[in-house]
Amino acid sequence: MNRQKITETLKSGKILVADGAWGTALQSRGLQGGECPELWNIEHPDLVLEVAESYIRAGSNLIETNTFGGNRYKLEHYGLADKLFELNKAGVEISRKAAGDENWVIASVGPTGKMTVMGDVTEDDFYKVFKEQVIALEAGGADAIVIETMSAIDEAVAAVKAVKENTNLEIICTLTYEPTVQGDFRTMMGVTPSEAAVAAVNAGADIVGANCGKGYEGMNQIIEEIRKVLPEIPIIIQANAGLPELINGESVFPATPEEMAGQNPLWIKAGVNIIGGCCGTTDNHIKSIRNAIDSGKY
Ligand SMILES: [Zn+2]
C-alpha cells in the first residue's frame, strides 16, 4: 500500500481533489426515483464502477462510495436491512477497485432521515446504526469515512463517535449549509459552520467542512468561519453545481465546470485543503478543478 494517511499528506500544503456527485451520476445511468441506490452495488456493480472510474480518470485523489443511504433506517425502507453488511462492503470494494493503490477511498455515510427533536430516535440509536454501517465500510477496505449532508449536530457527533470508537479509519465530517437572510450560513437545524466543526473535532473528526447546499457561492465564507475557530484543521468543500432548475420535470444543475473551478482560488485563499463536488457535479467539473489546482494560479 502506497498511501499515507490523508491528514499526513495534507501537511505538505498540497491541495487534494475529491470526486463529484454519485446520486446524479447513477441517475444518468438509469437509477430510478424509487430504487435503492445501494442495491446497485450488487445488482449493477459495473455501472457503479463506471462512476468511480470516471472520477479517478478526471483526477480525483479521493473517491467516495455508493453507500450514502446504507444505514439500517434507510435500508429498512426498501426491505433491504438484511443486506446491510453486504451492500456497504460491496460499495467500498467497487471504489477500491477504481482507486488503485495511490488514491483514497472515503466511504460515504449520509443522514438516517430521523431526528432526535421529533422524539423518534435517541443519540444512542444513531450511534448503534452508524456503528453497524461503518464496520461494514471498514471491512470493504475504506481509508476514511465521510459523514456528509448532516444538518443536526447530535446526529453528526454520534456518527463521528461511532467511527472513532469502532474503526481505525480517518474521519471526515461535513454538514450542509444554506445562506440565511442575515448573510451567514446555517444548516436546516440552525447550526453554524463553526459550531459544527468544533463539535465534530471534539468528537474525533480529522477533517471537517461543508457539502451539498445551495450551490458553490459563499463557500469561502464557511471556510473562513471554520478557520477562525480551528486554524489547523483540514477543511473539505464539496459544493453543488449551482441551484437546480426544474427543466421538463428534471433537476438541472446550471454551474459549468469552469464556473465552479473559477471559485477555487477564493477557497484556497480562505484555507481549504480538499475540493470536490456534490449534486450535479460531473467528472468534467472535477477535471476543471484538477486543472485549476495543477495550474497553481491562486
Ligand atoms: Zn449534494
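Let's start inside the fold, at Ile236, which sits in strand β9, residues 235-239. Helices and strands here are DSSP runs, H or I over at least four residues for a helix and E over at least two for a strand, numbered from the N terminus. Before going on, a word on what you're looking at: this is a predicted model, where local features need pLDDT of at least 70 and side-chain atom pairs count only at pLDDT 80 or more, while totals for chains, interfaces and linings use all residues. Residues are numbered from 1 along each chain as its sequence is written, and side-chain values use heavy atoms, with hydrogens and water left out.

Back to Ile236. Is this residue buried or exposed? Ile236 counts as buried because its relative accessibility is 0%; the cut-offs are under 20% relative accessible area for buried, over 50% for exposed, and partly exposed in between, with a 1.4 Å probe and protein chains only. Skipping neighbours within four places in sequence, Ile236 is in contact with Ala18, Ile172, Thr174, Ile207, Val208, Gly209, Ala210 and Ile274, where contact means heavy atoms within 4.5 Å. Take Thr174 from that list: the C-alpha atoms of Thr174 and Ile236 are 7.8 Å apart in space, with their positions 62 residues apart in sequence.

That link has plenty of company across the chain. Of the contacts between residues at least 6 apart in sequence, 78% join residues at least 24 apart.

Next stop, the metal. Which protein atoms act as donors to the zinc ion? They are the SG atoms of Cys212, Cys278 and Cys279, at 2.2 to 2.3 Å from the zinc ion. Donors are N, O and S atoms within 2.8 Å of the metal (3.2 Å for Na, K and Ca), and water is not among the atoms, so sites may look incomplete. Along the chain, the donors of the zinc ion are spaced as C-x65-C-C. Cys278 is buried, since its relative accessible area is 14%, whereas Cys279, at 26%, is partly exposed.

Cys212 deserves its own look. Cys212 belongs to strand β8, residues 207-212, and a relative accessible area of 14% makes Cys212 buried. The backbone has a quirk here: Cys212 has a positive phi of about 60° although it is not a glycine. Most residues other than glycine have a negative phi. Asn248 also has a positive phi, about 50°, without being a glycine. Asn248 lies in the loop between β10 (245-247) and β11 (250-252), and counts as exposed because its relative accessibility is 79%.

Now for a charged side chain. Arg290 is part of helix α13, residues 283-295, and is buried, given a relative accessible area of 14%. Leaving out residues up to four places away in sequence, Arg290 touches Ile15, Val17, Ala58, Gly59 and Asn61.

Zooming out, the protein has 13 helices and twelve strands. Why call the fold a compact globule? For 298 residues such a globule would have a radius of gyration near 19 Å, and the protein has 17 Å, which agrees; the radius is taken over C-alpha atoms, and the rule is 2.2 Å times the number of residues to the power 0.38. Along the principal axes, the C-alpha atoms fill a box of roughly 50 × 45 × 40 Å. Of the 298 residues, 57% count as buried.
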